[in-house]
Every structure is written in structure tokens, then in C-alpha cells.
Amino acid sequence: MVDIREEQTQEAVAKRSDFIIKTDALNLYYGDFQALIDINMDMKQNKVTALIGPSGCGKSTFLRTINRMNDLIEGVRIEGSIKLRGDSIYDPKLDVAELRKNVGMVFQRPNPFPLSIYDNVAYGPRIHGIKNKKKLDEIVEQSLRYAVLWDEVKDRLNTSALGLSGGQQQRLVIARVLAVEPEVILMDEPASALDPISTSKLEELIIELKSKYSIVIVTHNMQQAARVSDDTGFFLNGRLVEFDQTDKIFTNPAKKETDDYISGRFG
Ligand SMILES: Nc1ncnc2c1ncn2[C@@H]1O[C@H](COP(=O)(O)OP(=O)(O)OP(=O)(O)O)[C@@H](O)[C@H]1O
């Protein structure tokens with residue numbers, strides 16, 4: 001006789017594994033101020049999840065919970081759960097440095113180190129103990145190739161990263177993140193300081209990267225969210241108002257607030 005519980009369990013496991021990050025009743029407070037209210041959001045593996053919403057609605061705060069960047073801010077308190085592949089991100093036993101290696105982050109302004117292009121990419125692997133020059137060379141080349149920057153910089157690897165254009169610097173920062181082999185890449189308005197051509201290269205790169213990584217991106221640019229993401233979450237006043245497939249959010253949202261926001265009636 002088939003054990004239904006066993007079947008259900010296997011089905012549940014298969015379903016769970018589609019999701020890389022799951023949050024359950026997540027609340028976050030800055031002192032007395034509640035910035036995130038009861039966020040339940042399951043993000044899929046090898047997909048791009050976009051977070052949209054007006055300024056101050058909690059997008060960056062939410063993004064930072066995924067690699068515990070909020071830990072660095074005094075007075076932050078978190079309730080509820082957030083899991084990466086089923087393991088609690090806020091487990092006191094968790095190695096935060098390991099988490100941040102696994103969940104890399106790209107910020108609004110490109111922030112290369114004042115080092116050579118090569119040393120920027122080799123930085124993380126070196127910290128994680130890789131000393132062998134040949135191995136480092138391989139990692140640097142592969143990461144720059146994945147970040148679609150190799151052809152532009154291969155003849156100047158030992159020159160300063162600060163000499164690159166803003167768009168190149170942002171792709172270098174992505175290469176630096178890729179060099180430590182993360183599973184998830186968080187991006188907080190990564191194109192906001194870039195010109196249209198660099199932005200479009202970055203968007204192409206994001207779409208390419210999802211074959212290997214899971215990406216969560218905060219953006220103010222709704223066309224960008226529509227172009228690059230598979231799923232979109234709309235935040236308002238600390239709540240996740242609606243979370244669905246990007247096509248659905250932009251063509252037939254379920255909630256009036258989402259419709260008002262995407263059609264430019266507020267925000
Ligand atoms: N370090 C902090 N201390 C206190 N309050 C904060 C802190 N950081 C953010 N907040 C508040 O939390 C709320 C959410 O901010 P957050 O930066 O997450 O919003 P956002 O949607 O990313 O905004 P934006 O699109 O402008 O970047 C805002 O009211 C903000 O003022």
C-alpha cells in the first residue's frame with residue numbers, strides 16, 4: 001500500500017527545493033519603528049525576483065535581511081523566519097561571513113577597491129585561502145568572463161579598477177561577487193548610477209546570470225523590473241502588497257495599490 005504521508009513528504013520536498021529563499025511572517029524594527037510587516041515571500045531558484053515600490057517602503061531593508069547586512073545597524077530587531085535552502089539565516093550558530101560569501105551583494109554605486117582589476121576579483125578567493133597563482137588566474141578570468149567584462153579588460157588586468165567607466169566598475173563588482181561562487185546575488189538599484197548603454201549591458205548580464213545564480217534586485221525602474229525579472233514583489237509602507245509573476249504584476253495586478261503604482265498614479 002502506498003504511504004500517502006510519504007508521497008506528500010516527497011512532493012513537499014520537491015516543491016520546497018524550487019525555492020531558494022523563504023520568509024515567513026518576517027517583521028523588522030529600527031528601534032520603535034517597524035519597517036517590515038509580516039513579509040511572506042518565497043523566491044525561486046535560478047530566477048530573477050524584482051522588488052519594487054515607492055521610496056521608503058522597505059525594499060532595501062528587506063534585501064539586507066537576506067545576507068544579514070542589517071546586523072550592522074544598531075537597534076535593529078527581527079522577528080519571524082527567513083531561510084536559505086531551508087536553513088535559518090538568523091540561526092545564532094550560522095557563520096555570517098560564510099552567509100555573505102554565499103549571498104553576494106551589489107550596491108547602487110559601483111564600489112571597486114582601490115586595487116588593480118585583477119586584485120579586485122582575486123580578493124575574495126584569497127581571503128578564502130586560495131593562494132595558487134594559476135588557480136587565481138583561472139578564477140579571475142572566469143569571473144570576468146561571466147560578468148561580460150573580460151574582453152574589455154584582459155589587456156589591462158594590472159591597472160587600477162578606478163580607471164574603469166561606471167558601467168565597467170559595476171560589472172567588475174559583479175565579477176568580484178561571482179569569484180567566491182555565491183548561490184544568490186542581491187542587487188540594490190545596481191543601474192541607478194549608470195548611463196543607458198551600461199544599463200542595458202547590465203540588464204543583459206542579469207538575465208544571463210540566472211542560469212547559474214538566483215538574483216534579487218531592487219529597482220525604481222519599472223521597465224527594468226519588467227525586462228529582467230521573472231517574479232515581482234510590490235512593497236508599500238513596509239508590507240508586501242502583492243507578489244506574483246512579473247507579467248501578471250505588470251499586466252493584470254490583483255491589488256488596486258499595485259495597479260496605481262505601476263500606472264504612475266502614485267510613488
Ligand atoms: N538605519 C535606519 N534607521 C532607522 N530607520 C531606517 C534605517 N534605514 C531605513 N530606515 C527606514 O525604514 C524605512 C524603509 O527604508 P528602506 O531604505 O528599506 O526603503 P526603500 O524602499 O529601500 O527606499 P528607497 O527606494 O528610497 O531606497 C524608511 O522609513 C526608512 O526611513
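Author: Ala, Val, Leu, Ile, Met, Phe, Trp, Tyr, Cys and Pro count as nonpolar, Asp, Glu, Lys and Arg as charged, and everything else, Gly among them, as polar. Keep that handy for the ligand, and remember that this is a predicted model.

Reader: Okay, which residues surround the ligand?

Author: Tyr30, Phe33, Ala35, Gly53, Ser55, Gly56, Cys57, Gly58, Lys59, Ser60, Thr61 and Ile73. Two elements, strand S2 (33-44) and helix H2 (59-65), give two or more residues each to that shell. H2 gives the most, with 3 residues.

Reader: How do you know how many residues in the shell are nonpolar, polar and charged?

Author: Just sort the names. Tyr30, Phe33, Ala35, Cys57 and Ile73 go with the nonpolar residues. Lys59 is the charged one. Gly counts as polar, so Gly53, Gly56 and Gly58 join Ser55, Ser60 and Thr61 in that class. That gives 5 nonpolar, 6 polar and 1 charged.

Reader: Moving on to helices. What makes H7 roughly parallel to H8?

Author: Helix H7 (residues 166-178) and helix H8 (residues 196-209) pack at an angle of about 20 degrees, their axes 9 Å apart. Angles under 35 degrees count as roughly parallel, so H7 is roughly parallel to H8. The crossing of H7 past H8 is right-handed. On the H7 side, Gly166, Gly167, Gln170, Arg171 and Ile174 make the contact, and H8 brings Ser198, Lys201, Leu202 and Leu205. Sorted by class, you get 3 nonpolar, 4 polar and 2 charged residues.

Reader: And why is H4 called roughly perpendicular to H5?

Author: Here the angle between helix H4 (residues 117-127) and helix H5 (residues 133-146) is about 115 degrees, again with axes 9 Å apart. Roughly perpendicular covers 65 to 115 degrees, so that is the name H4 and H5 get. This crossing is right-handed too. H4 makes the contact with Tyr118, Val121, Ala122 and Pro125, while H5 uses Leu136, Ile139, Val140, Ser143 and Leu144.

Reader: How do the residues of the contact of H4 with H5 divide?

Author: Into 8 nonpolar, 1 polar and no charged. The polar one is Ser143, because Ser is not on the nonpolar or charged list.

Reader: Now the sheets. What makes S6 and S10 stand at the edges?

Author: Look at the order of the 6 strands in this open sheet, S6-S7-S8-S3-S9-S10, with mixed pairing. Strand S6 (103-106) and strand S10 (239-245) each have a single partner strand, so one side of each lacks a neighbour in the sheet. Direction ignored, neighbouring strands here are turned by 15 degrees against each other on average.

Reader: How do you know that S6 and S7 pair?

Author: Two strands pair if there are at least two bridges between them. S6 and strand S7 (residues 184-188) have 4, in the parallel sense, so they qualify. One example is Met105, whose bridge partner in S7 is Leu186.

Reader: What about the open sheet of 4 strands: why are S2 and S5 called edge strands?

Author: The order is S2-S1-S4-S5, with antiparallel pairing. S2 and strand S5 (87-88) each pair on one side only. Further in, strand S1 (residues 19-30) and strand S4 (residues 76-84) share 8 antiparallel bridges, and Thr23 stands opposite Ile82 in S4.

Methods
Residues numbered from 1 in each chain as written. Predicted model: local features only at pLDDT ≥ 70, side-chain atom pairs only at ≥ 80, totals over all residues. Near = placed C-beta within 6 Å. Axes fitted to C-alpha atoms, helices over the stretch in contact; angles between N-to-C directions. Parallel < 35°, antiparallel > 145°, perpendicular 65-115°, else oblique. Left-handed = near helix turned anticlockwise from the far one by under 90°. Contact = placed C-beta atoms within 7 Å.
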